[in-house]
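Student: Could you take me through one part of this model slowly? I'd like a close look at the salt bridges, please.

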Amino acid sequence: MASCPIEDRIAIEDLLISYATAVDSVSDIDGICAVFTEDADFDLSGIGLPRGKGHGAIREFFGNVFAGTSHHAHHLSNFTITAFAGDTASARAYVIGIGLQKDGTRITVHGRYYFDVVRTSAGWKANHYHMDFLLPLPDSLAAAHGTD
Amino acid sequence: MASCPIEDRIAIEDLLISYATAVDSVSDIDGICAVFTEDADFDLSGIGLPRGKGHGAIREFFGNVFAGTSHHAHHLSNFTITAFAGDTASARAYVIGIGLQKDGTRITVHGRYYFDVVRTSAGWKANHYHMDFLLPLPDSLAAAHGTD
Amino acid sequence: MASCPIEDRIAIEDLLISYATAVDSVSDIDGICAVFTEDADFDLSGIGLPRGKGHGAIREFFGNVFAGTSHHAHHLSNFTITAFAGDTASARAYVIGIGLQKDGTRITVHGRYYFDVVRTSAGWKANHYHMDFLLPLPDSLAAAHGTD
């Protein structure tokens, strides 16, 4: 693959971090949408959650998530550019994601983010996002998480 | 804001990592002071701990912390430059901080570091540092931590 | 020390991440070997595990590890270049390493990776690797881990 210029690498890593930061605000759905193109494929089916298309689906999903969530913390690591072709790229990061529900339930997820990104006039944006697990959820949480 | 040159970004990220590394030595107070300007505002009031000014206050704080600590591990992630103006900048990082006390108590903190830094003849140094929590401490630990 | 060019810094960080990623595949021993020179010193004695030399020893070690492992997750952070001399360098990273055994045992390690790397015609490769612990293992796991 073409080598990814450092400026683009940093901008793409910043995009993934801005996603985690907005998710952890437990309120900033505009900040989440700003990470994605208007018609992005937002796909959490790999971790037993919905798949949707575009800002509307993203708003609906996080509206529901945030309604039940007290606190979030998503720590990214192992950032890697897995493909680069000038105006498109793919990146992967590991995530330790912790959610504390308003009902007191706490869940810790060890997974990976996969972002396909495209260069736009407003900078890099994601047009496809999916996740998988690095470690399985405990059985009790998998049930609560809707993966059974 | 002005764009942060990559060399400065890396130097500032290295500064935050050198802080975590010195804290995790459980001994290297000189290494901690080397991160900060002589008159830095060192403010942990956001997590229920002291606020002090300058190397003297930093030495006193870590003298007390290290006296009771057996091991430390502070894992930084989600590094972001939040402001840049040539010779000053602000940066944020997430931290998973684990402390093991000599009495066997173990505490895990999920929080954020906020550093204001200034370019000096000896490289970037922090003149203001504060923290907040991403996740609340468990009640039992919050009591031990002095946040109640 | 000489300043490490950004391209080399990123390539060396990518090498450490590719090691973690291959370890987390729980299968890709070729990917692990690709991180190391043919005669690398692979030394886990600092965490109570074997020390061996070269790809043969690495293959034997991970053959045994993977035979008993269900899932792995190794999250790197606090990446630092600790030495640089043009065609050789040393780097350190923190790791949160989680292993889930096929028998259901789960172990979490907080440690540090130390890599000595050398520039080759196929890019940077490690010719020495060792680890230490940031936090002690719980007594029950230390016994299972063979460190007692």
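Tutor: Sure, and let's start with a word we'll need: a residue is called buried when its relative accessible area is under 20%, exposed when that value is over 50%, and partly exposed in between. Keep in mind that this is a predicted model.

Counting over all chains, the structure has 21 salt bridges. Let's begin inside chain A, where the side chains of A:Arg51 and A:Asp41 pair up, with N to O at 2.5 Å. This pair links distant parts of the chain: A:Arg51 belongs to strand 2 (residues 51-53) of chain A, while A:Asp41 sits in strand 1 (residues 36-43) of chain A, and the two are 10 residues apart. Now use our cut-offs on them. A:Asp41 has a relative accessible area of 13%, so this residue is buried. A:Arg51 comes out at 54%, so this one is exposed. Chain A also has a network of salt bridges, which links A:Asp8, A:Asp87 and A:Arg119.

Over in chain B, B:Asp43 and B:Arg51 form a salt bridge through their side chains, at 3.5 Å from N to O. Here B:Asp43 is buried, at 8% relative accessibility, and B:Arg51 is exposed, at 54% relative accessible area.

Another one in chain B joins B:Arg112 to B:Asp132, and their closest N and O atoms are 3.0 Å apart. B:Arg112 is part of strand 5 (residues 106-120) of chain B and B:Asp132 is part of strand 6 (residues 123-133) of chain B, so this salt bridge ties together parts that lie 20 residues apart in sequence. B:Arg112 counts as buried at 18% relative accessibility, whereas B:Asp132, at 22%, counts as partly exposed.

What about between the chains? There the count is 1 salt bridge: the side chains of B:Arg9 and A:Asp14 meet with N to O at 3.0 Å. On the chain B side of this contact, helix 1 (6-24), strand 3 (69-84) and strand 4 (88-101) each provide at least two of the residues touching chain A. Those chain B residues split into 8 nonpolar, 4 polar and 2 charged. In the contact as a whole, chain B contributes 14 residues and chain A contributes 18 residues. Together the two chains bury about 1,400 Å², with 62% of that on carbon and sulfur atoms. You'll also find 5 residue pairs in polar contact across this interface.

Terms used. Residues are numbered from 1 along each chain as its sequence is written. Chains are lettered from A and ligands numbered from 1 in the order in which they are written. This is a predicted model: local features need pLDDT of at least 70, side-chain atom pairs count only at pLDDT 80 or more; totals for chains, interfaces and linings use all residues. Side-chain values use heavy atoms; hydrogens and water are left out. Contact means heavy atoms within 4.5 Å. Buried area is the accessible area (1.4 Å probe) that two parts lose on being put together, summed over both. A salt bridge is a side-chain nitrogen of Lys or Arg within 4 Å of a carboxyl oxygen of Asp or Glu. A polar contact is a pair of N or O atoms within 3.5 Å; within protein, one must be able to donate a hydrogen and the other to accept it, and residues adjacent in sequence count only if both atoms are side-chain atoms. Helices (H or I, at least four residues) and strands (E, at least two) are DSSP runs, numbered from the N terminus. Ala, Val, Leu, Ile, Met, Phe, Trp, Tyr, Cys and Pro count as nonpolar, Asp, Glu, Lys and Arg as charged, and the others, Gly among them, as polar. Buried means under 20% relative accessible area, exposed over 50%, partly exposed in between (1.4 Å probe, protein chains only).
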